[in-house]
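This briefing concerns one helix and the internal cavities of the structure shown below. Please keep the structure in view while reading.

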Amino acid sequence: MVVAAPHRGHPHELRARHARLVHLGTAAGEPQCAASGDVLLVASARIDSRDELARQLGLPGPPAVLDDAAVILAAYSRWGAHAPERLLGDFAYLVFDGERGVLHAARDPMGMRPLYYHHDPRRTLVASEIQQLLATGDVPAEVHEPAVARFLIGEYGVLDETFYRGIRSLRAGHVLEADGRGVRSWPYWRIDPERRLRLVREEDYAEQFRDLFLRAVSDRIRTGDPVGIFLSGGVDSGSIAAALGWLRQRDGSALQIHTYSWATASLPECDERHLSDLVVREYGLTPHDVDADQFAPLAGYPAHGPHRDEPSIGVYQPLLEAGLAAARADGVRAMWSGDRGDLLGGAWVPNYLHLLRRGRWRALANDLREHADVPGQGWAAAVAGQLVRPALRALGRRASRAWRGRVPREPDPRRPPWLADDLLRRTGVDPEVRHDAVAPDALAGHARRKRFELVFVPLHMHGMIWSERTNAAHGLGFVDPWSDLRLAEFVLAIPQVVLNRPGTLDKRLFREAMRGIMPERLRRDARKIVPKPLYLRALRGSATATVRALTRDMEAERRGYLHAGTLREHFDEILRGNRDHPEFWSALNLEMWLRRYWT
């Protein structure tokens, strides 16, 4: 298991009579292992609010220098299986409790660190990567076909499922315990449905969010080592870079901050620098360009291909890995990103008209009441701004459609035309059944429930694991301040209309919170750079031959997963300038994975 993941660092081993635990220390930090008597612990963790924990646990020494593993072990010694309920931060940890004869593990609620396991009557194996479990020779490498079927239709909702039979992923916010009786898992964290935050002034929401965000960024600066950040022209990464620069300026520190932005002379609409350079100049950050023309999608294939753990790779994987390799060469120890910013406060706003149409009167009343309570709003503004005007716009769209004639319905994008029907029959996967995040019944209000489902959407929960593993492969830690549980709980407690309103700039609350920290032009003009032209240009040019080769003599067709002829026909449509199906990339990913690891 150690040899299978050399990129994760040097092994530090703990032994007990019935267990061997090893921590592989990545470049992101020191070895995280601890022991007390017959209790052994290894972790991949960054524990926040350690001063408060240290007081509760009576730990000696300044909290700033406390070892995370020692803090977790002390928490486990005090609270046992309830320990993760008291921890805040990004973590996955494993305890062998020789006194109880139990193997205990937990992951943080935001799912920032991975943990996989295999259990049989003889023993339990746990690791950060699936390939480590396979390396033991005790775990059969067999494709779990229901996961393949779900992957091909864009379904990511079964969060403990992997692409291997007999290997499970521990769900975020869950505890795992294994002993001679078997394996048990249960959630230890749930959103508090009763927590509602109502402030006197609307500006108070921005101020409180700013304080929380700066704390989230500050807590993640754990050493004096250089930090790197993928800096686009958007609000999310721009806020992180500005906060890092502002904190460095405030504290007078010598922290080196390296930024990595995508640069292209041939597709200026995909170039991130015209906005990202604003924060670079404001705070004297060290910029680096990543050549988007050189590292186009599928550049250098089969380099930058799928990991053995799963078929999924990013469309812009060569660009991403070029940035990570450059960061590593620059001495960066951890790479920062703003992956969850869109989910916490993106453009979705309460949809009162939808509730009215569906006859969901209680949910409508709750959301309107919450809107009316926002300072400066009131019932008139709530009804007019979010019910009457949207209704008039909807009537206008309906009249326009009637004038143009009925638009034919597009095929259901969840079922690609190349998908083999037999795959669905033999796996029992129904493309009409989704396993998306489901808000607790007790979470009142349609708007709050929809925000919960966005924050914990399964695609991004999988994405956190993917990002951590991709960074680790380059010897780097993965950091995302927008995935701080404190921020998630804050946005789920406030009136959702405070985050965004129709007719205002996207991420309105976040922009207000960054006033005086983010350069004013960037705060006002920041927007997400959509690099899809890079992808389409590659498919229709530099990557055409690669895609042709991948769609010929397909292993995925031999296994009965898809129809290669239909996939090739769709690619021909893309070459003629027609739209690509959202799951076309998934089919290519699957074929790359099967060829590399299963033939």
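Against which elements do the buried residues of α15 pack? In this predicted model, the buried residues of α15 pack against strands β6 (102–107), β7 (116–119), β9 (168–169), β15 (334–336) and β16 (477–479), and against helix α8 (317–329).

**Helix α15**
- Helix α15 covers residues 458–472, and its end C-alpha atoms lie 21 Å apart, in agreement with the 21 Å expected for 15 residues at 1.5 Å a residue.
- Of the 15 residues of α15, 11 are buried, so the helix is largely enclosed by the rest of the structure.
- The buried set runs without a break from M464 through I465, W466, S467, E468, R469, T470 and N471 to A472, and it also includes P458 and M461.

**Largest cavity**
- The structure contains 4 cavities of 30 Å³ or more, and the largest encloses about 330 Å³ of space.
- Two or more lining residues come from each of α4 (145–152) and α15, with α15 giving the largest share, 4 residues.
- In total 24 residues line the largest cavity, and those nearest its centre are V158, E161, T162, F163 and H462.
- By class, this lining comprises 12 nonpolar, 4 polar and 8 charged residues.

**Second largest cavity**
- The second largest cavity holds about 60 Å³ of space.
- Its lining consists of 14 residues, with L88, G89, D90, D484 and L485 closest to the centre.
- Strand β5 (residues 89–97) contributes the most to this lining, 3 residues.
- The lining of the second largest cavity divides into 6 nonpolar, 2 polar and 6 charged residues.

Notes. Residues are numbered from 1 along each chain as its sequence is written. This is a predicted model: local features need pLDDT of at least 70, side-chain atom pairs count only at pLDDT 80 or more; totals for chains, interfaces and linings use all residues. Side-chain values use heavy atoms; hydrogens and water are left out. The expected span of a helix is 1.5 Å times one less than its number of residues. Buried means under 20% relative accessible area, exposed over 50%, partly exposed in between (1.4 Å probe, protein chains only). Contact means heavy atoms within 4.5 Å. On a 1 Å grid over the protein atoms alone, a cavity is a set of points where a 1.4 Å probe fits but cannot get out, and a pocket is an open set with protein on both sides within 12 Å along at least five of seven lines; lining residues have an atom within 4 Å of a point. Grid points are joined across faces, edges and corners, and a volume is the space filled by probe spheres set on the points. Ala, Val, Leu, Ile, Met, Phe, Trp, Tyr, Cys and Pro count as nonpolar, Asp, Glu, Lys and Arg as charged, and the others, Gly among them, as polar.
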